[in-house]
Amino acid sequence: MIEVPEMIAESGGTTLDLCYQCGTCSGTCPWNLVRDFRVRDILTRAQLGLEGYEGEDLWMCATCNACVDRCPQGVEIVDLVRTIRMLIAETGAAPKTLRAVLGSVQSNGNPWSGDAEARMGWAQGQPVRLFDGTPEYAFFTCCTQAYDPRNAKVIRATAKVLDAGGVSYGFVGGGEWCCGDAVRKTGAETGFGRLAAHNIGVLNDLGVRRLLVPSPHCLNTFKKEYPDLGGKWEVTHVVELLRDLVRGGRLALKNAVPAKAVYHDPCYLGRNNGVYDAPRDVLHAVPGLELMEFARTREEAVCCGGGGGRLWMEAPVEERFAVLKLREAVAMGADTVVTACPYCISMFEDAKTALGLDQVRVADVVEIVAEALQAH
Ligand code: SF4
Ligand code: SF4
């Protein structure tokens with residue numbers, strides 16, 4: 001009979017045997033800011049064949065990658081966690097909320113139980129151009145921006161800013177499905193493969209060469225996971241393009257946006273893809289905005305808590321990373337938390353509601369830029 005460590009190796013988790021139990025990963029994990037959680041123990045259970053393990057703490061990992069960066073042995077901890085999730089999920093042990101989300105992805109092509117036909121509904125009559133093979137960029141809308149009303153405001157602002165910058169782009173017209181990032185990270189490998197095959201077909205049929213994405217999760221998945229499956233395009237996050245537009249003088253940021261703003265690094269934009277300067281460069285160009293930094297920032301940034309399927313899972317208020325960060329922002333005198341990820345926006349908006357912090361604003365970089373462009 002095939003052993004668990006071999007099954008993990010066959011599934012791509014090739015580094016389990018490198019772990020020598022030093023515990024650095026557990027010490028790095030942001031969960032330990034709020035409660036005891038040792039990811040090393042999960043790896044130990046896997047080394048021992050997952051005997052008697054039912055995945056009690058397995059779905060806590062937000063796949064923030066902080067531990068991966070610190071592991072002295074180069075163990076791909078997130079890949080291992082997702083592979084162990086895949087094995088445990090086969091026994092039906094995945095959390096109920098996640099099963100509902102995965103059910104929606106299966107039937108609607110998105111995790112938000114949104115009608116697949118209504119994927120472009122976010123535009124609300126705003127004129128938008130659809131990609132027909134001609135523009136330079138095809139814009140792949142994140143499901144969270146397409147279906148979550150708060151994040152739909154960000155995508156509407158994005159369209160206005162790109163138009164103002166004269167960008168040649170068109171939206172993939174609604175036939176796309178979820179990129180599958182969170183689906184794969186929860187261990188649903190078959191579901192991910194189905195999404196990827198569909199999207200690769202849609203994008204290749206449209207003749208896409210360059211993809212523009214608003215979500216770091218889409219960025220990471222298209223850049224690092226689709227190529228192995230045959231999906232190869234040049235992928236750019238919106239904030240990288242904004243930085244180029246500002247540098248090139250194509251966006252006149254003339255209006256003051258008075259704010260004491262602190263920038264939160266999304267894990268999949270910063271740690272996973274090295275995009276730290278672009279959002280800061282854009283914010284520095286906004287008149288009236290003072291940019292502050294969290295105590296732990298850039299490579300050391302604390303996750304919002306929304307990756308790896310955690311966006312759809314409950315945590316007590318006192319155990320939410322976004323709550324910790326919002327409190328830190330207030331303590332340092334910030335009145336605005338800015339970020340560049342739909343998941344982070346949702347997690348911070350939820351934290352703001354939970355804490356009743358009406359005076360603090362949560363904003364995407366692109367919303368700040370849209371305000372700096374507006375004619376008064
Ligand atoms: S940091 Fe790396 S080597 Fe150390 S316990 Fe964690 S996975 Fe193992
Ligand atoms: S990826 Fe992040 S949340 Fe997951 S175990 Fe590592 S440090 Fe903790």
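Trainee: Which residues come nearest to ligand 2, and how many residues surround it?

Mentor: One reads a ligand site by asking who stands around the molecule, and here, in what is a predicted model, 14 residues lie around ligand 2, of which C29, V39, C61, C64 and C67 come nearest. The shell around ligand 2 draws at least two residues from each of α2, α4 and α5, and by class it holds 11 nonpolar residues, 3 polar ones and no charged ones.

Trainee: Which residues come nearest to ligand 1, and how does its shell divide by class?

Mentor: The shell of ligand 1 can be read in the same manner. Around ligand 1 there are 13 residues, with C19, C22, T24, C25 and C71 coming nearest, and both α2 and α3 supply at least two residues of that shell. Its classes are 8 nonpolar, 4 polar and 1 charged.

Trainee: Helix α5 was named for ligand 2; is α5 mostly covered or mostly open?

Mentor: To read a helix, take its length, then its burial, then its surroundings. Helix α5 runs over residues 77-89, and its 13 residues reach 18 Å from the first C-alpha to the last, close to the 18 Å expected at 1.5 Å a residue. As for burial, α5 is mostly covered, with 12 of its 13 residues buried, and among them are I77, V81, R82, R85 and A89. The elements that cover those buried residues include α1 (4-10), α2 (24-28), α3 (39-47) and α4 (66-70), as well as α9 (181-185) and α10 (189-205).

Trainee: Which residues of helix α16 are buried, and what covers them?

Mentor: The approach carries over to α16, residues 365-373, a helix that is mostly covered, since 7 of its 9 residues are buried. Those buried residues are V365, V366, E367, I368, V369, A370 and A372, and their cover includes the helices α8 (149-164), α12 (238-247) and α13 (277-284) together with the strands β6, β7 (336-339) and β8 (361-364).

Trainee: Where is C303 found, and is C303 buried or exposed?

Mentor: A single residue is best read by its place in the chain, its crowding and its contacts. C303 is found in the loop between β6 (289-292) and α14 (321-331), and C303 counts as buried because 28 other C-beta atoms lie within 10 Å, where 20 or more are required. Leaving aside neighbours within four places in sequence, C303 is in contact with P30, A62, C64, A66, C267 and F321; of these, C64 was also named among the residues that come nearest to ligand 2. The C-alpha atoms of C303 and W31 are separated by 9.6 Å, although the two residues are 272 residues apart along the chain.

Trainee: What is the sign of phi in S113 and in Q124?

Mentor: Most residues other than glycine have a negative phi. In S113, however, phi is near 55°, a positive value in a residue other than glycine, and in Q124, also a residue other than glycine, phi is positive and near 45°. S113 lies in the loop between α6 (96-108) and β1 (137-139), and Q124 is likewise found in the loop between α6 and β1. S113 counts as partly exposed because it has 13 C-beta neighbours inside 10 Å, whereas Q124 is exposed, with 8 other C-beta atoms within 10 Å.

Trainee: Which domains does the assignment give for the chain?

Mentor: A domain assignment divides the chain into stretches, and here it gives domain 1 (4-89), domain 2 (100-243) and domain 3 (249-373). The C-alpha centres of domain 1 and domain 3 lie 28 Å apart, and the contact between them takes 12 residues from domain 1 and 17 residues from domain 3. On the side of domain 1 that touches domain 3, the residues divide into 8 nonpolar, 2 polar and 2 charged.

Trainee: How many helices and strands are there in the chain, and what is its radius of gyration?

Mentor: For the whole chain, one sets the fold beside its overall dimensions. There are 16 helices and 8 strands, and the radius of gyration is 20 Å, which agrees with a compact globule, because one of 376 residues would have a value near 21 Å. The C-alpha atoms fill a box of roughly 70 × 50 × 35 Å along the principal axes, and buried residues make up 49% of the 376 residues. Of the contacts with a separation of 6 or more, 80% are accounted for by residues 24 or more positions apart.

Definitions and conventions:
Residues numbered from 1 in each chain as written. Chains lettered and ligands numbered in written order. Predicted model: local features only at pLDDT ≥ 70, side-chain atom pairs only at ≥ 80, totals over all residues. Helix = DSSP H or I, 4+ residues; strand = E, 2+ residues; numbered from the N terminus. Rg over C-alpha atoms; globule rule 2.2 N^0.38 Å. Contact = placed C-beta atoms within 7 Å. Expected span 1.5 Å × (residues − 1). Near = placed C-beta within 6 Å. Nonpolar A, V, L, I, M, F, W, Y, C, P; charged D, E, K, R; others polar. Domains from an automatic or database assignment.
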